[in-house]
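Hi,

Here is the structure I said I would pass on. Have a look at it first, and then read my notes underneath.

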Amino acid sequence: MTDPAPVSLFRHPAWIAWKETQGWKRAETGLGCSALCRRIGTAGSMAYIPGPLSLPGLRARNIDERGAAMEALSLRALPKLPPDCVFIRWDLMVEAWTDGRGSALNRGLQELRMNASTVRRRFRKAPVEYTCPDTMILDLTGGPAAVWSRMEAKTRYAVRLAERRGTVVERTGEAGLRTFHELYGRTASRKGLPRHPESLFRKFFREARDRGLELDLYLARYKDEPAAAAVVARVRDEAWYLFAASSWNLRSAAGPSAVLHRAAADCARAGVRRMDLLGVSPPDSPDHPLAGLTRFKKGFGGRRHTRAGAWDYVVDGEIYSGYARTEGLSRP
């Protein structure tokens with residue numbers, strides 16, 4: 001088993017407060033972490049608990065006892081949640097059950113493994129994921145020089161190319177949000193992704209500022225034109241490469257490479273041990289839409305991690321079945 005993905009961001013008060021601005025309501029679980037709750041139509045509500053990793057007993061148990069540990073946590077949390085709670089959605093950052101090649105087992109086999117050690121057999125693999133199950137974890141130990149040494153030669157070349165061509169990376173913070181959002185909008189359109197409003201990112205920075213989350217924005221410029229940008233969060237010795245955007249017309253400036261290198265070096269200097277690069281293609285998927293992004297992140301020395309992902313502890317099976325079918329059909 002590999003180390004789990006970083007999780008502390010998803011329990012930070014700023015992250016929880018930001019989610020509350022998007023229609024979720026906070027509820028305490030009695031487990032030392034908050035749940036986010038919302039209505040699911042008129043039939044009831046759901047609870048979402050992000051990143052349950054360091055909760056008592058979860059990491060220490062054998063992987064085949066994971067279901068029993070999660071069942072016990074679910075039953076402890078349930079009395080604290082709304083009385084009409086239909087299911088608890090856990091977002092597990094620990095490693096998924098995988099085949100010999102690193103790919104997650106199919107849904108049916110995963111459910112068999114999860115429920116094998118439980119009493120009530122109520123876990124279902126969620127029809128949607130809130131965080132991409134496949135990610136890359138970047139080792140930042142040893143400082144910037146060590147980070148540089150772990151990068152692939154092609155990636156080091158791209159960073160040097162950006163320097164030679166005069167690409168400059170600025171650490172702008174919230175002041176660069178408008179420029180970032182313009183780049184982000186063009187990137188989303190190019191890749192067929194949802195375009196979130198600028199106000200959503202401004203709320204995130206506001207909550208970070210008010211609640212002590214280290215959140216920054218890096219902007220690469222080439223001949224005074226924005227070439228790439230990324231939002232990076234940091235909690236103690238963990239960091240996240242959260243939102244990134246780039247200019248297709250200025251791709252020769254190697255802006256994305258310059259931005260991620262600068263962010264990783266800054267985090268390493270600050271004592272961060274690892275950065276979650278978030279969102280890559282599944283193993284052995286050269287034609288996947290994220291295949292190019294996967295090669296980019298791997299070039300920085302990223303280690304693949306396949307999360308167990310979203311799991312639902314079902315309280316009301318009848319209502320859940322109808323909702324899960326609808327939710328699954330609504331996936332992009």
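Below is what I found, starting with the cores and moving on to a helix pair and a few single residues. Keep in mind that this is a predicted model.

**The cores**

The largest nonpolar core has 31 residues, and the ones touching the most other members are Leu9, Phe180 and Leu242. Two or more residues each come from helices H1 (13-20), H6 (177-191) and H7 (198-211), and from strands S8 (214-222), S9 (225-235) and S10 (238-246). H7 gives the largest share, with 5 residues.

If you want one residue to click on, try leucine 242. Not counting neighbours within four places in sequence, leucine 242 has contacts with Leu9, Phe204, Leu215, Val231, Ala233 and Leu278. There is also a second core, separate from that one, with 29 residues; Ala239, Tyr241, Val259 and Leu277 are among them.

**H6 against H7**

How do the axes of H6 and H7 cross? They come within 10 Å of each other, at an angle of roughly 135°. That angle falls neither over 145 degrees, where a pair would count as roughly antiparallel, nor in the 65 to 115 range for roughly perpendicular, so H6 and H7 are oblique to each other. The crossing of H6 past H7 is right-handed.

On the H6 side the contact is made by Leu177, Arg178, Phe180, His181 and Tyr184, and on the H7 side by Glu198, Phe201, Arg202 and Phe205. By type, that contact splits into 5 nonpolar, 1 polar and 3 charged residues. Phe180 turns up here as well as among the three residues with the most partners in the largest core.

**Two loops with positive phi**

Which residue in the loop between S8 and S9 should you check? Look at lysine 223, which sits in that loop and has a positive phi of about 50° without being a glycine. Lysine 223 is exposed, at 65% relative accessible area.

The loop between S9 and S10 holds arginine 236. Arginine 236 is not a glycine either, and its phi is positive, near 55°. With a relative accessibility of 64%, arginine 236 counts as exposed, because the cut-off for that is over 50%.

**One more arginine**

Last one: arginine 164 belongs to helix H5 (residues 153-164). Is arginine 164 buried or exposed? Its relative accessible area is 55%, so arginine 164 is exposed. Arginine 164 and alanine 253 are 89 residues apart in sequence, while their C-alpha atoms are 9.4 Å apart in space.

Cheers

Technical notes
Residues are numbered from 1 along each chain as its sequence is written. This is a predicted model: local features need pLDDT of at least 70, side-chain atom pairs count only at pLDDT 80 or more; totals for chains, interfaces and linings use all residues. Side-chain values use heavy atoms; hydrogens and water are left out. A nonpolar core is a set of buried Ala, Val, Leu, Ile, Met, Phe, Trp, Tyr and Cys residues joined through side-chain atoms within 4.5 Å. Buried means under 20% relative accessible area, exposed over 50%, partly exposed in between (1.4 Å probe, protein chains only). Helices (H or I, at least four residues) and strands (E, at least two) are DSSP runs, numbered from the N terminus. Contact means heavy atoms within 4.5 Å. Axes are lines fitted to C-alpha atoms, for helices over the stretch in contact, and angles run from 0 to 180 degrees between N-to-C directions. Angles under 35 degrees count as roughly parallel, over 145 as roughly antiparallel, 65 to 115 as roughly perpendicular and the rest as oblique. A crossing is left-handed if the near helix is turned anticlockwise from the far one by less than a right angle, and right-handed if clockwise. Ala, Val, Leu, Ile, Met, Phe, Trp, Tyr, Cys and Pro count as nonpolar, Asp, Glu, Lys and Arg as charged, and the others, Gly among them, as polar.
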